[in-house]
Amino acid sequence: MPLRRSWVQSANDPGGAFPLNNLPFGVFDDGMGARAGVAIGDNVLDLGAMEGLSMVPGAGFRTGALNDFMAEGPGMWERVRNTLTGLLAEGSAAESQLADVLIPDAMVTMQMPFAVSEYTDFYAGRHHASNVGTMFRGADNALPPNWLHMPIGYNGRASSVVVSGTDVRRPWGQLKGPKFEAPIFAPSRRFDIELELGAVVGQPSTGPISVATADEHIFGYVLLNDWSARDIQAWEYQPLGPFQAKATATSISPWVVTRAALEPFRCAAPEREKELLPHLKDVGPMLYDIDLAVSLQPEDGSEEIISRTNYREMYYSAAQQLAHHTTSGCPMRIGDLLGSGTISGPERENRGSFLELSWGGKEPLELAQGGSRTFIEDGDRLTLSGSAQGDGYRVGFGTCTGRVLAALEDPFA
Ligand code: CA
């Protein structure tokens, strides 16, 4: 599919993130209250105002969260997307009418796009699981016996999910002491990122759903950074998995790129090393070809890319994760957020966490501007970005960024 040209000139820039082919949904505030919008070029189209003017269907665009719109279902998602595509297309008669509801993106502050009802994080990237498993248990036991049969996950905290731009405070926690010594309570020394994609569930379910149905329940995707305290994690994770190590914050990008916009970029999952049980089998190409990158911006203002990878490196798709999640009868809600798991690739430069990039801190990452990193230092800003490359255009996610602040004084002293 070629670029769909728009009368919004900045949307026709082949390097831009938000052409007419994209139309991601988000929530913004320009000082007049939070409402829904779509990104088009360098602008935000004010859906709240358009709903007031009956230019789009009444679908909850003035509520300050996308949940009501998602509740309307896939038919409405498609109807609104088609309406906007027509209104914004080159040659549309609506150009003069829409001038008042098109706001330069520099004039808005992006908000949380939806109320996160529940948050589950998976561990479904093959390279990440083998890297971490090799470090923790040796190469022969890298993958747990269940890993090639189902997407492993844990229930996270919806309360910890924050929108891109929010500062993240280095956490305190209980850390393992030196050999034979008691544990200590101290700020994390191994604070890390995890480069992930988050799937946003837009339809509820109350019992098991198939992989094909699960796919249709997904409204769209966001960039997701699962901030992780490795030293807290290493001490607490057995036998029930991560807890406080993952509870400080999880950042998401403000724009939800819809499943419809990603449709041209579908690609198959890697070859299956073990045949999946029937209820988890692929029902077609279920991943997406999305280039992803992580950049580090230390306090000195320099910036460099420290990792490049692609979402097609995942072993399990979001639809398979969602289907697996419902096998127990677990009800899923509108606004359920499913983290993909860290998306690493085969080479060192494709690793999506400092844990892997520095191989557990043993092989510091040398920075182009001088200095090195094993894990995040105070004042570092970490930014995720992503886009799918089309024919003369890109479907971009924008960025998901956060700066790490120094730990507070001992909170219990
Ligand atoms: Ca994670």
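Buried here means under 20% relative accessible area. Keep that cut-off at hand for the tour of this predicted model.

**Stop 1: Asp30 and Arg35**

Select Arg35 first. Its relative accessibility is 12%, so Arg35 counts as buried. Now add Asp30: the two side chains meet in a salt bridge, with 3.0 Å from N to O. Asp30 has a relative accessibility of 27% and therefore counts as partly exposed.

**Stop 2: Met107**

Keep Asp30 on screen and add Asp29 and Met107. Setting aside neighbours within four places in sequence, Met107 is in contact with Asp29 and Asp30. You will find Met107 in the loop that runs between strand S4 (102-104) and strand S5 (109-110). Is Met107 buried or exposed? Met107 is exposed, at a relative accessible area of 55%. For a sense of scale, draw a distance from the C-alpha of Met107 to that of Pro346: the two are 41 Å apart in space and 239 residues apart in sequence.

**Stop 3: the two domains**

Colour the chain by its domain assignment, which gives domain 1 as 9-110 and domain 2 as 119-405. Taken over C-alpha atoms, the domain centres are separated by 29 Å. Now look at where the domains meet. Here 26 residues of domain 1 are in contact with 26 residues of domain 2. Together domain 1 and domain 2 bury about 1,900 Å², with 68% of that area on carbon and sulfur atoms. On the domain 1 side, select Met70, Trp77 and Met110: these lose the most area to domain 2, together 28% of what that side buries. How many salt bridges does the rule find across the interface of domain 1 and domain 2? The count across this interface is zero.

**Stop 4: helix H3**

Trp77 leads on to the next selection, helix H3, which covers residues 74-88. H3 has 15 residues and reaches 21 Å from its first C-alpha to its last, close to the 21 Å expected at 1.5 Å a residue. Show side chains for Met76, Trp77, Val80, Arg81, Leu84, Thr85, Leu87 and Leu88, the buried residues of H3. Turn the view to look down the helix axis: the buried residues of H3 fall within an arc of 170°, so they line one face of the helix. Then rotate to the face turned away from that buried side, where you will find the exposed residues Gly75 and Glu78.

**Stop 5: two positive phi values and a cis bond**

Next, look at the backbone. Ser54 lies in the loop between helix H1 (47-52) and helix H2 (67-71). Ser54 is not a glycine, yet its phi is positive, at about 60°. Ser54 is also exposed, with a relative accessible area of 63%. Trp359 has a positive phi too, about 45°, although it is not a glycine. To reach Trp359, go to the loop between helix H10 (354-357) and strand S23 (365-366).

Then select Gln238 and Pro239. The peptide bond from Gln238 to Pro239 is cis, with omega near 5°. Pro239 sits in the loop between helix H7 (230-236) and strand S16 (250-252).

**Stop 6: salt bridges**

By the rule used here, the model has 19 salt bridges. One to select joins the side chains of Asp192 and Arg230, at 2.8 Å from N to O. This pair links distant parts of the chain: Asp192 is in strand S12 (residues 191-192) and Arg230 is in helix H7, 38 residues apart. Both Asp192 and Arg230 are buried. Widen the selection with Glu194, Asp226 and Lys246, which are linked with Asp192 and Arg230 in a network of salt bridges.

Arg373 and Asp380 are another pair to pick out, their side chains meeting in a salt bridge at 2.8 Å, N to O. Arg373 and Asp380 are both buried.

**Stop 7: helix H9**

Finish with helix H9, residues 318-326. How many of the nine residues of H9 are buried? The count is nine of nine, so the helix is mostly covered, given the under 20% cut-off for buried. Among the buried residues of H9 are Gln320, Gln321, His324 and His325. To see what covers the buried residues of H9, show its surroundings, including strand S6 (118-122), strand S13 (195-201), helix H6 (211-217) and strand S22 (336-339).

How values were computed. Residues numbered from 1 in each chain as written. Predicted model: local features only at pLDDT ≥ 70, side-chain atom pairs only at ≥ 80, totals over all residues. Heavy atoms only, no water. Helix = DSSP H or I, 4+ residues; strand = E, 2+ residues; numbered from the N terminus. Expected span 1.5 Å × (residues − 1). Buried < 20%, exposed > 50% of the residue type's maximum accessible area, 1.4 Å probe, protein only. Arc of directions from axis to C-beta. Domains from an automatic or database assignment. Contact = heavy atoms within 4.5 Å. Buried area = accessible area lost by both parts, 1.4 Å probe. Salt bridge = Lys/Arg side-chain N within 4 Å of Asp/Glu carboxyl O.
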